[in-house]
Amino acid sequence: MTTRRTVRIAMNGVTGRMGYRQHLVRSILAIREQGGVDLGDGTAIWPEPVLLGRREHALREIAERHGLPAESVSTDLDAVLGDDSVDIYFDSQITAAREEALTKAIAAGKHLYTEKPTAGDLQGALRLARLANEAGIKTGVVQDKLFLPGLLKLRRLVEGGFFGRILSVRGEFGYWVFEGDWQAAQRPSWNYRTEDGGGIVRDMFPHWEYVLHGLFGRVESVQALAVTHIPERWDEQGKPYQATADDAAYGIFELAGGTVAQINSSWAVRVNRDELVEFQVDGTEGSAVAGLRTCRVQHRSATPKPVWNPDIPATEVFREQWQEVPDNGEFDNGFKAQWELFLRHVVADEPYDKDLLAGARGVQVGELGLRSSAEGRRLPVPELSL
Ligand SMILES: NC(=O)c1ccc[n+]([C@@H]2O[C@H](COP(=O)([O-])OP(=O)(O)OC[C@H]3O[C@@H](n4cnc5c(N)ncnc54)[C@H](O)[C@@H]3O)[C@@H](O)[C@H]2O)c1
């Protein structure tokens, strides 16, 4: 018989895209469906969500859909934070609403888990990390991309020494986000307004920071060009608005150890790739191309020797010369896998480094990326500490 160790989690923003699908359904409810997080000592962590938000009817509807009790719904953040039975505060609200809510949660002594970016600027992100440290609470920030099957395979290659010396990483991220006039936009409109916390640099550079740092080395400098390719869009009500935020960013990152990373991020690009994000890694011993799920490699011993000659058609089908890296195991949903690690950290005190300070590093690289773009120069990324 397994004993359940209940952990109550106030989940703020579960009516949103990320909050509902990835965090509530694919993570917390999926953990309950599997019987909790088994600690291997006869106990299992049993997460109990409290659905927190602004629209009671929407929260009630979600609770009903998933068989959660009506008492597990609230629109009163202060009351929920004042409830001693709540252990963790989780935030997947729009970015602009996050800092204030996290500050309150820290003051209330709750452990906290949050979407990125953790705050609107570095100062705010560091302030949160320091407050949490002083309060002695445990914190976690989403780093879902590191848990993607394709990137887990890439990690396997890095750790297995496949690449030799890693020279460069080139990332392509993006897809066409419809303007909203003749076809509805597939992303919320706040993403395209700076004043509402939008912009692709603020959104995606935090991801690139932890992916690069986690797999290849700390980001030591950033150089970016952020632009707004599509200046007018149409919102959820079909009303035109000015897109004040950057919708594409062309970035170069120098990493500790000498690897150079170059990542294009764009919501104004049409996909001619196998996946919505792809990273090509070139090393002296071999190369790899990793996406969300797949990863293909080419070893130096199997590298073709093309000769530049525009007068004749390509002599080889280059994309067919790569080899698929096998799964060799089952991959869980990345958000869920990270939730499980965080819950183990909270309950069993297992080590965990994806905390608010790590989150601040992501905000820092985003902020410096925007400044680099505005000033037209490459900027060093100083190391952060509490
Ligand atoms: N980890 C990832 O891959 C990933 C992907 C997308 C978004 N995100 C992050 O998740 C967060 C939420 O993004 P999303 O795409 O789910 O957004 P969304 O617009 O779909 O959801 C936002 C949520 O915040 C709530 N909210 C609170 N205050 C609000 C306000 N003043 N105006 C509008 N909504 C408000 C909404 O009710 C909703 O529940 C963002 O911080 C974003 O950066 C992370």
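## Strand S9 and its partners

Let's start with strand S9, which pairs with strand S18 (residues 379-380) in the antiparallel sense over 2 bridges. Within that pairing, serine 221 sits opposite proline 380 of S18. The model you are looking at is a predicted one.

S9 also has strand S12 as a partner: S9 covers residues 219-227, S12 covers residues 248-255, and 8 bridges join the two in an antiparallel arrangement. Here glutamine 223 has isoleucine 252 of S12 as its bridge partner.

## The sheet as a whole

Both of these pairings belong to an open sheet of 9 strands, ordered S17-S16-S15-S14-S8-S13-S12-S9-S18, with mixed pairing. Strands S17 (323-324) and S18 stand at the edges with a single partner strand each, so one side of each has no neighbour in the sheet. As a reminder, strands of a sheet pair through backbone hydrogen bonds, either parallel or antiparallel.

A parallel example is found further along the order: strand S8 (residues 166-174) and strand S13 (residues 260-266) are joined by 7 bridges. In that pair, glycine 171 is matched with isoleucine 263 of S13.

## Valine 201 and its surroundings

Now to helix H7 (residues 200-215), which contains valine 201. Valine 201 has 29 other C-beta atoms within 10 Å, and a residue counts as buried at 20 or more, so valine 201 is buried.

Which residues does valine 201 touch, leaving aside its neighbours within four places in sequence? The contacts are Ala224, Ala226, Asp246, Ala249, Gly366, Gly369 and Leu370. Two of these residue numbers, 224 and 226, fall within S9, residues 219-227. Valine 201 and leucine 368 are 167 residues apart in sequence, yet their C-alpha atoms are 9.7 Å apart in space.

## Helices H9 and H8

Helix H9 (residues 356-375) has 20 residues and reaches 28 Å from its first C-alpha to its last, close to the 28 Å expected at 1.5 Å a residue. Of those 20 residues, 17 are buried, so H9 is largely enclosed by the rest of the structure. Just after H9 comes glycine 376, with a positive phi of about 65 degrees.

Helix H8 (residues 334-348) has 15 residues, which should span 21 Å at 1.5 Å a residue, and its end C-alpha atoms agree with that at 21 Å apart. The buried residues of H8 include the aromatic side chains Phe335, Trp339 and Phe342, and also Lys336 and Glu340. After H8 comes aspartate 349, whose phi is positive too, near 60 degrees.

## The ligand shell

What surrounds the ligand? There are 18 residues around the ligand, and the closest are Gly16, Arg17, Met18, Gln93 and Pro188. Helix H1 (residues 17-33) gives the largest share of this shell, 3 residues. By character, the shell divides into 5 nonpolar, 8 polar and 5 charged residues.

## Annotated domains

Two domain annotations come from UniProt, in an unreviewed entry. The record places "Gfo/Idh/MocA-like oxidoreductase N-terminal" at residues 51-138. Over that stretch the chain is 44% helix and 14% strand, with end C-alpha atoms 21 Å apart.

The record also places "GFO/IDH/MocA-like oxidoreductase" at residues 152-288. Residues 152-288 are 18% helix and 36% strand, and the end C-alpha atoms of this range are 13 Å apart.

Definitions and conventions:
Residues are numbered from 1 along each chain as its sequence is written. This is a predicted model: local features need pLDDT of at least 70, side-chain atom pairs count only at pLDDT 80 or more; totals for chains, interfaces and linings use all residues. Helices (H or I, at least four residues) and strands (E, at least two) are DSSP runs, numbered from the N terminus. The expected span of a helix is 1.5 Å times one less than its number of residues. A residue is buried if 20 or more other C-beta atoms lie within 10 Å of its own, exposed if 12 or fewer, and partly exposed in between; C-beta atoms are placed from the backbone. A residue is near a molecule or strand if its C-beta atom, placed from the backbone, lies within 6 Å of it. Ala, Val, Leu, Ile, Met, Phe, Trp, Tyr, Cys and Pro count as nonpolar, Asp, Glu, Lys and Arg as charged, and the others, Gly among them, as polar. Two residues are in contact if their C-beta atoms, placed from the backbone, lie within 7 Å. UniProt positions are given in the numbering used here, feature names are shortened, and annotations may be inferred rather than shown by experiment. Two strands pair if DSSP finds at least two bridges between them.
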